[in-house]
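I opened this notebook to record what I looked up on the surface, the cores and the cavities. The entries follow the structure below.

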Amino acid sequence: MTTTIRPSAHDGTSGSRPVPAPVVVGPGDHRYAELARGDNYRFVGQPDRVELVRTTEQVVDALRRARAEGLRVAVRSGGHCGEAFVADPGVRVVLDLSLMAEVYHDPDRDAIAIETGATVGHVYKTLYRNWGVTLPAGVCTAVGAGGHISGGGYGPLSRLHGLVADHLYAVEVVHVDADGDVAVTVATREPDDPHRELWWAHTGGGGGNFGIVTRFWMRSPGATGTDPAELLPKPPPSLLLAMVNWSWEQVDLPAFTRIIRNFMAWHVEHSGPDSPYAGLFASLWVRHRSGGDLTMFVQMDPTASDADAAMGSFLAAVDEGVGVEPFAIRYELPWLTAARHMGQGDSGPVLGARTKSKAAYLRGVHTDEQIAGLYRHFTSENYFGRESLMMLNGYGGAINTVEPGDTASAQRDSVIKAAYSAAWNDPGEDELHIAWLRGLYGELFGATGGAPVSDELSDGSYINYPDIDLADPEINTSGVPWHRLYYKDNYVRLQAVKAAFDPLDVFHHQLSVRLPSSGTTTSPSTPRTREDPMTYASDHIPDRYDFEDMYTGAADTPPVQPWDIGRAQPALVAVEEAGLITGSVLDVGCGLGDNAAFLASRGHAVTAVDVSATAVTEARRRAGAKGVEVEFVVGDATRLQGFEGRFDTVVDSACFHALAEDERQRYLTVLHDACRPGARLHMFCFAEELDAPFPGPHRHSAVNLRRMVGSVWDVVAVEAVAYASSLRPEDIAAMIKEEYPDAEVTADQLQGLALDETGRATMPVWHVTAERRG
């Protein structure tokens, strides 16, 4: 898996000039305020340090040191991520690659090498001025190559030449193996490369998932020879350009409808792989009327046959029936100048902008209802959004000649890539602008649950415009998980790459590729027995549990409730007796209240919360019978209100593993907010790695628990302990039979179970101890 790093003139290890040490910036440095954030000023990180590294060797060394110190690492190339993936409060070390920005010809691989910190603008200039070639990359020239390429990458020349990732030949990745060692792997697209899957994952799998990319090698498929001028596409010498502007003062709903429908319908008709219009790229920008108008930017390869006439035909098609005289200009510019015409310069964040973005791949024309919804949002008079914008960007052409599985970029039959965004400066306006954007997007895709679910009109979203709302079931009500919207059928394959190259999940964020569950390879009809260590398939596990129905009997339940042991959980008793539970206590997911009653009997002030009113009623009865006083509350543990800064200890006795994936981060944050500084969390969670005697809810590995809990709390320890259940061997056999009807399991086969003094089975769990951060 590991390859040796070869010194070259481009990693600073040869010649007489020494390699400068990394630049290390901590909170006391005047540069910290800038380096602790990217271009989205909504998010400010709190890292212990930012290291600006210059070579692959320095990346390896920095990662090893961070690992030795137990510090979470994130990597940044250009800083244009729309969410807090790098500015996450759990990230303690940011590796900034902006000083690794060389672009050069590598004769050893007959490819153009691009270091990860190079911006798109720098790449354009270097490729064009040295060899007269380019990549079909984007219009925002300040974007870093690292995220742009690994997320797929597209731009005005993509209809002619495909995605940027379609030209990726090799990638160098610094990662952490299963033993915790830092390794460097170079993976190529060669069919016999044993690491080819790692190359594949970086053709659209997104950044921050598998390791730290330090350089890419680019060579177009089919390119031959050693001349760097023949390894990548050649841009045209100049571009025909047009800008068309329709004023909101003149555009009513019928005119708006015609502009949108005309633009989209033209792309449906003219975005096939063999279209004579492949050299034409158009981007329609619709700004909120408080900040602009409707503007369309168009470019055309002038060397194409009848290019000027083709441009005129397109402009006429979009304007047909609109009934509004637009302002329009047409002109021609040299290619490199024109390539930067629509985008931002290399100036970084604009006036400290705060942004939120969403995206969609579009296959068809919006309905009149969808267009009317867009019109309402962009003309609303009770909203001021000077930088609120929708961009409809031409897509298709050469992009759609690649099969969905040939690269990790799965959307290969769309004709428009849409982006929806808002930008503002005042932190006090965050909720206003985010609500406006969510409202627009939610209404636009209201027929499919507020998300661009794959159908005849849409095909998911784009990972380089990340949107954590897609992982929130209260916003994305489609039932289609976020990873399918981004990756479709490629997600399982990406998970396999994750397991192979980042098995400890060192690199993660809110929308990162998850490690595959160890249980997913087990057939539902073939549970394991004691002769064959017991893990169970996870596909029978519901995403969410209705505990009220389980307590009332309205839902199918096991012969007995496994957690109802009629006494406090022995593992928790041991924690209390060790003096590790102090002050005011929150028992979250308290169930039938035996733990809460025990803690109250030991003199603790206890508040106990459960989502089931039936369970809380019984918990009150049990506590009363024991003569102890507990404040019982019926409530959703992921949405507690009114408890801020109140508790010194939180006890989670088998609650976390019953939560759905999209609830876990919110749950941990809510608990954190409910606590005082210095508070401690004790969580007992079913263990993925340990031999499980019966089917259960969502099990978690120690590594994943450290990652998830550690994103909000400071994890002190993750230790394996025995957890008592109410199940005898015959109950477990009945449970297995209920969940796996074809199974032939009897209580006699389960006699090797670990039983407690009452003859009930015990369950191996992780006891996570964490302290409140901040």
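**Surface and cores**

I looked up the accessible surface of the chain, which comes to about 29700 Å², with 51% of it belonging to carbon and sulfur atoms; the areas come from the Shrake-Rupley method with a 1.4 Å probe.

I note that this is a predicted model, in which local features need pLDDT of at least 70 and side-chain atom pairs count only at pLDDT 80 or more, while totals for chains, interfaces and linings use all residues. Residues are numbered from 1 along each chain as its sequence is written, and side-chain values use heavy atoms, with hydrogens and water left out.

I found that buried residues (under 20% relative accessible area, 1.4 Å probe, protein chains only) make up 58% of the 774 residues.

I then turned to the nonpolar cores (buried Ala, Val, Leu, Ile, Met, Phe, Trp, Tyr and Cys residues joined through side-chain atoms within 4.5 Å). The largest has 108 residues, and those with the most contacts inside it include Trp-246, Phe-256 and Phe-314. Apart from it lies another core of 32 residues, among them Leu-668 and Val-768.

I listed the contacts (heavy atoms within 4.5 Å) of Phe-314: leaving aside neighbours within four places in sequence, its partners include Phe-263, Trp-266 and Met-296.

**Lining by class**

I sorted the lining of the largest cavity by class and obtained 9 nonpolar, 7 polar and 1 charged residues. Here Ala, Val, Leu, Ile, Met, Phe, Trp, Tyr, Cys and Pro count as nonpolar, Asp, Glu, Lys and Arg as charged, and the others, Gly among them, as polar; a cavity is a set of points on a 1 Å grid over the protein atoms alone where a 1.4 Å probe fits but cannot get out, and lining residues have an atom within 4 Å of a point.

Note on methods
Buried means under 20% relative accessible area, exposed over 50%, partly exposed in between (1.4 Å probe, protein chains only).
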